[in-house]
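Biologist: Please walk me through this chain, beginning with how its aromatic rings are arranged. Short answers will do.

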Amino acid sequence: MSATFDFLKADFTGTLFPLKTNLLVAEKHEKEVSEYIYQKILDEKQAADNFLPQQRVYSTKPRGHLRRTVKLDPVVEYFLYDITYRNRAIFRPEVSNARRSFGYRFMGGGHISVHNAYKAYKLCLAESNGKFKHNLQFDIASYFNCLYHHDISHWFAARPGVSEVDSNALGKCLREINAGRSVDFLPHGIYPTKMIGNEFLKVVDLSAQLKSSVLVRFMDDFTLFDDDPDVLRQDFLRIQQLLGQFGLNVNPSKTYYNKSIGDVEETLSALHESLIEIADEIHEVHGASGVDFVLVENEVASNLTEDQVNALLGLLRDDALEEADADLILGFLRSHSDSILEHLPVLLRKFPNLTKHIHSVCSTVSEKAELAAVLLEHLTKETFFLEYQLFWLACIVEDHLIGHGCYGDVLMRIFELTQDFKIARAKVLEIPEQGFGFKEIRDEFLKTGQSDWLSWTSAMGTRSLKAAERNYVLDYFSKGSPLNYLIAGCAKKF
């Protein structure tokens, strides 16, 4: 396997909508995909081959907000991982000890994990807060959605070491995947575009006009530190003017002067204190990189009372809660309650933005049939769902429930609820379950000649069939488009 595939695979589970079709195509059919990109799509003489416009999707955020982005097809997704990996040298370390930025680059042969980068960022905030009297926190409003295509293309082309072929290729990709629209083009939730978005903002870090003693940044979250509040206000104005040159604006509702560190640290402190009050199994561990909070298991597990469970659920309602801390709370509920199944109905109903975290919690549930029953009841009782919820509920079935209880009924119910959600429905179709009528459902999508996520994932969902039966229908499906042909070729390798 190539380094590009290793990069894609390592990031796969951390993405917003990880369809296994993309991972399998990169794993089994990488040579053919690479040749299609670099010998056809990027060949000006091959006018019929281009990057395709991508499917719009929405992931959830706290308080009913949505994150608007796209789900990338296997060709585009592979290309973005490949071009950023090959040009990884342009994604530089932080500017200086006074202009700090964290994460989203390569170091020591691999990409820096977001979790480790965020821990270092929080430690830097705490240290800077102890050194200076004043701080100013702010972020960019809808950063990825407001970037302008030509700004990113010109920035990439100007980087030392980037070839003209690569700069033209990235410009073509970002233009075509958004059907020519010059804003709202940069996909969320995958490491390559996070690298691009983070490095682009180095233009702020490098500005000699800024006078604050320390600037600390994690992507588009900025904190300025200084003993003189006038210096902070002047830099704040300068940064807004600099961002304005690229059509970017600061979010007024998330701008704070001298707020306790912070929008992050204050929440984390309250979380840890609350957990320490609930049980003695959480201890502070002081190490070279700062203070960590770890669970230390007793020989006799203690169960949580109803009040303690409610206290943890209350922490989950905090809008400022970070994903890592939501995982900590859910993991604590899992480890120290009689059964996480008791709390799943409440979690599913009240916290739709945590469905991905609930997926990880379900990995240790031993009562598989009971879990399937809980999901089916939730899917039957509730009347409104978001695509992100249904997608991750389908992931729970695929990863934890196949062959247990009423899992087939759960899958069919999700399929029925996804009539208006193409990517969530595609998630169901790529699961290689041939019973419950799913083989016949896939046949309908494969025989129409269509080329979209429903047909691509239907093709991948045939991978558990016997070769003769599978290849017969894939032969006809493959004639629909070049991407159909690529995916069919991959599915035939199983």
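Biologist: How many aromatic pairs are there?

Modeller: The model is a predicted one. Rings pair here if their centres lie within 6.5 Å. By that rule the count of aromatic pairs is 29.

Biologist: Is the pair of Phe 102 and Tyr 121 stacked, tilted or edge-to-face?

Modeller: The ring centres of Phe 102 and Tyr 121 are 6.0 Å apart. Planes over 60 degrees apart count as edge-to-face. The planes of Phe 102 and Tyr 121 stand at 65 degrees, so this pair is edge-to-face.

Biologist: Which parts of the chain does that pair link?

Modeller: Phe 102 and Tyr 121 are 19 residues apart, and their pair links distant parts of the chain. Both Phe 102 and Tyr 121 are buried. Phe 102 lies in the loop between β3 (99-101) and β4 (106-107), and Tyr 121 in helix α5 (residues 114-131).

Biologist: What class of pair do Phe 200 and Phe 246 form?

Modeller: The centres of the rings of Phe 200 and Phe 246 lie 5.1 Å apart. With their planes at 75 degrees, the class is edge-to-face.

Biologist: Where in the chain are Phe 200 and Phe 246, and is Phe 200 buried or exposed?

Modeller: Phe 200 belongs to helix α9 (residues 191-200), while Phe 246 is in the loop between α11 (229-244) and β9 (256-257). The two are 46 residues apart, so the pair links distant parts of the chain. Buried means under 20% relative accessible area. At 5%, Phe 200 is buried.

Biologist: Which residues do ring pairs link into a cluster?

Modeller: Phe 102 and Tyr 121 are among the members of this cluster. The others are Phe 7, Tyr 81, Tyr 85, Tyr 104, Phe 106, Tyr 118, Tyr 191 and Phe 218.

Biologist: Over which rings do the charged ends of Arg 88 and Arg 233 sit?

Modeller: The charged end of Arg 88 is 4.1 Å from the centre of the ring of Tyr 85. For Arg 233, the distance to the ring centre of Tyr 257 is 4.9 Å. The rings asked for are those of Tyr 85 and Tyr 257.

Biologist: Is Tyr 104 buried or exposed, and what is its phi?

Modeller: Tyr 104 is in the loop between β3 and β4. Its relative accessibility is 7%, which means that Tyr 104 counts as buried. Although Tyr 104 is not a glycine, its phi is positive, at about 60 degrees.

Biologist: How does Asn 258 count: buried, partly exposed or exposed?

Modeller: Asn 258, found in the loop between β9 and α12 (265-278), has a positive phi of about 55 degrees although it is not a glycine. At 42% relative accessibility, Asn 258 counts as partly exposed.

Biologist: What does Thr 84 touch, leaving out residues up to four places away in sequence?

Modeller: Thr 84 has its place in helix α4 (residues 74-86). It counts as buried because its relative accessibility is 2%. The residues touched by Thr 84 are Phe 7, Phe 91, Pro 192, Met 195 and Ile 196.

Biologist: Why is helix α20 described as largely enclosed?

Modeller: The buried residues in α20 include two arginine or lysine positions, Arg 425 and Lys 427, as well as Glu 430. Helix α20 (residues 422-430) is largely enclosed by the rest of the structure because its buried residues number eight of the nine.

Biologist: In what sense do strands β1 and β2 pair?

Modeller: Arg 56 stands opposite Val 70 in β2. The hairpin has five residues between the strands, and Arg 63 takes a positive phi near 60 degrees there. Over six bridges, β1 (residues 55-60) and β2 (residues 66-71) pair in the antiparallel sense.

Biologist: Which are the edge strands of the five-strand sheet?

Modeller: The sheet is open, has mixed pairing and runs in the order β3-β7-β8-β6-β9. Each edge strand pairs on one side only, and the edge strands are β3 and β9.

Biologist: Which helix packs on that sheet?

Modeller: Within the sheet, β6 (residues 134-139) and β8 (residues 221-226) pair in the antiparallel sense over six bridges, with Phe 138 opposite Phe 222 in β8. The helix touches β6, β7 (214-218), β8 and β9, and its direction makes about 20 degrees with that of β6. That helix is α11.

Key. Residues are numbered from 1 along each chain as its sequence is written. This is a predicted model: local features need pLDDT of at least 70, side-chain atom pairs count only at pLDDT 80 or more; totals for chains, interfaces and linings use all residues. Side-chain values use heavy atoms; hydrogens and water are left out. Helices (H or I, at least four residues) and strands (E, at least two) are DSSP runs, numbered from the N terminus. Buried means under 20% relative accessible area, exposed over 50%, partly exposed in between (1.4 Å probe, protein chains only). Contact means heavy atoms within 4.5 Å. Rings of Phe, Tyr and Trp (its six-membered ring) pair if their centres lie within 6.5 Å; planes under 30 degrees apart count as stacked, over 60 as edge-to-face and the rest as tilted. A charge sits over a ring if NZ of Lys or CZ of Arg is within 6 Å of the ring centre and within 35 degrees of the ring normal. Two strands pair if DSSP finds at least two bridges between them. Axes are lines fitted to C-alpha atoms, for helices over the stretch in contact, and angles run from 0 to 180 degrees between N-to-C directions.
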